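Me: I'm new to reading protein models. Could you walk me through some features, one at a time?

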Amino acid sequence: MKYLEYLRELRNRLLFSFSFMFLCFLFFFLNISLVIETLTHPLYELLNNKDNNRMIFTGLPEVFVSNLKVSFFVAFLFSLPIFIIQIILFTSPALYKKEKKVFVLVSIMSIIFFFLGILFAYFFLIPMIWSFFISYESFVDGSLPIQLESRYSEYMKLTMFLLLASGLSFEFPIIIIFLTKLGIF
């Protein structure tokens, strides 16, 4: 292949990947209530008085901007495998058969570990962290009660950060194996 053909193929693969991510973004933005319900479920399950608890927002565009960020984040998560598959398909013709097997295996394992990290954060880490933070809610006799009124944008920002950080931390075994193979470790 000529140099320009490689660039065209790369452009087409990137266009396909970003188009898929844009379609995911539109889908999740139009169905944001499902995403928000899923992300707020761990906090809702820990609250004692579920009828009176609520989330607040302090700026007019806060909920809209937060919904955009959440939609983009979830679209990124769902399109990540497509990006990695496109990278595999683009680079695999340049690799030897043995290198292809290792590259494909590492790519698939990195996707699996990343999503295992997200599941770990959602089902174990986030409920434990929220439980710790809620434990500071107190009702002391003779003083004003301290109650949780979570701010919507802060809650979503912290939830997305914890999900992403946990997903990336589950990538360390792959990084360590890669660095060991290179002789750095």
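Reply: Below we go through helix packing, aromatic pairs and a few single residues in this predicted model.

Me: Let's begin with helices. What is the angle between α3 and α4, and how far apart are their axes?

Reply: The general idea first: two packed helices are described by the angle between their axes and the distance between the axes. Here, α3 covers residues 62–91 and α4 covers residues 97–134. They pack at an angle of about 170°, and their axes are 10 Å apart. Angles over 145 degrees count as roughly antiparallel, so that is the label for α3 and α4.

Me: Which residues of α3 and α4 meet?

Reply: On the α3 side, look for Leu77, Leu80, Pro81, Ile84, Ile87, Ile88 and Thr91. On the α4 side you'll find Phe103, Val104, Ser107, Ser110, Ile111, Phe114, Phe115 and Ile118. Sorted by class, this contact has 12 nonpolar residues, three polar ones and no charged ones.

Me: Can we zoom in on one of those? Is isoleucine 84 buried or exposed?

Reply: Sure. Under 20% relative accessible area counts as buried, and isoleucine 84 has 16%, so buried is the word. Isoleucine 84 sits in helix α3 and touches Ser107, Ser110 and Ile111, leaving out residues up to four places away in sequence. You can also check a C-alpha distance: isoleucine 84 and valine 106 are 22 residues apart along the chain, and their C-alpha atoms are separated by 11 Å.

Me: What about α2 and α5, at what angle do they pack?

Reply: At about 90°, with the axes 11 Å apart. Angles from 65 to 115 degrees count as roughly perpendicular, so α2 and α5 get that description. From α2, the contact uses Ile36, Leu39, Thr40, Pro42 and Leu43. From α5 come Tyr152, Tyr155, Met156, Thr159 and Leu163. By class, that makes eight nonpolar, two polar and no charged residues.

Me: Now the rings. How many aromatic pairs are there?

Reply: A pair of aromatic rings is described by the distance of the centres and the angle of the planes. In this model the count is 12 aromatic pairs. Take phenylalanine 18 and phenylalanine 83: their centres are 5.1 Å apart with 75° between the planes, and the pair is edge-to-face. Phenylalanine 18 lies in helix α1 (residues 3–30) and phenylalanine 83 in helix α3, so the pair ties together parts 65 residues apart in sequence. Phenylalanine 18 is partly exposed at 45% relative accessible area, whereas phenylalanine 83 is buried at 16%.

Me: How is the pair of phenylalanine 28 and phenylalanine 78 arranged?

Reply: That pair is tilted, at 4.9 Å centre to centre and 50° between the planes. It links helix α1, home of phenylalanine 28, with helix α3, home of phenylalanine 78, and the two are 50 residues apart. Phenylalanine 28 counts as buried at 11% relative accessibility, while phenylalanine 78 counts as exposed at 52%. Elsewhere, ring pairs join Trp130, Phe132, Phe133 and Tyr155 into a cluster.

Me: Let's try polar contacts. Which side chain does serine 153 join?

Reply: Glutamate 62: a polar contact of 2.8 Å joins the two side chains. Serine 153 belongs to helix α5 (residues 152–169) and is buried, with 12% relative accessibility. Apart from neighbours within four places in sequence, serine 153 is in contact with Glu62 and Ser66.

Me: And what does the side chain of serine 79 reach?

Reply: The backbone oxygen of alanine 75, at 2.8 Å. Serine 79 is in helix α3 and is buried, with a relative accessible area of 0%. Not counting residues up to four places away in sequence, serine 79 touches Phe20 and Met21.

Me: One last residue. Where is arginine 54?

Reply: Find the loop between α2 (32–46) and β1 (55–56), and arginine 54 is there. Over 50% relative accessible area counts as exposed, so arginine 54, at 52%, is exposed. The side chain of arginine 54 makes a polar contact of 3.0 Å with the side chain of glutamate 149. Setting aside residues up to four places away in sequence, arginine 54 touches Glu149 and Ser150.

How values were computed. Residues numbered from 1 in each chain as written. Predicted model: local features only at pLDDT ≥ 70, side-chain atom pairs only at ≥ 80, totals over all residues. Heavy atoms only, no water. Helix = DSSP H or I, 4+ residues; strand = E, 2+ residues; numbered from the N terminus. Buried < 20%, exposed > 50% of the residue type's maximum accessible area, 1.4 Å probe, protein only. Contact = heavy atoms within 4.5 Å. Polar contact = N/O pair within 3.5 Å; in protein donor to acceptor, adjacent residues only side chain to side chain. Axes fitted to C-alpha atoms, helices over the stretch in contact; angles between N-to-C directions. Parallel < 35°, antiparallel > 145°, perpendicular 65-115°, else oblique. Nonpolar A, V, L, I, M, F, W, Y, C, P; charged D, E, K, R; others polar. Phe/Tyr/Trp six-rings, centres within 6.5 Å; stacked < 30°, edge-to-face > 60°.
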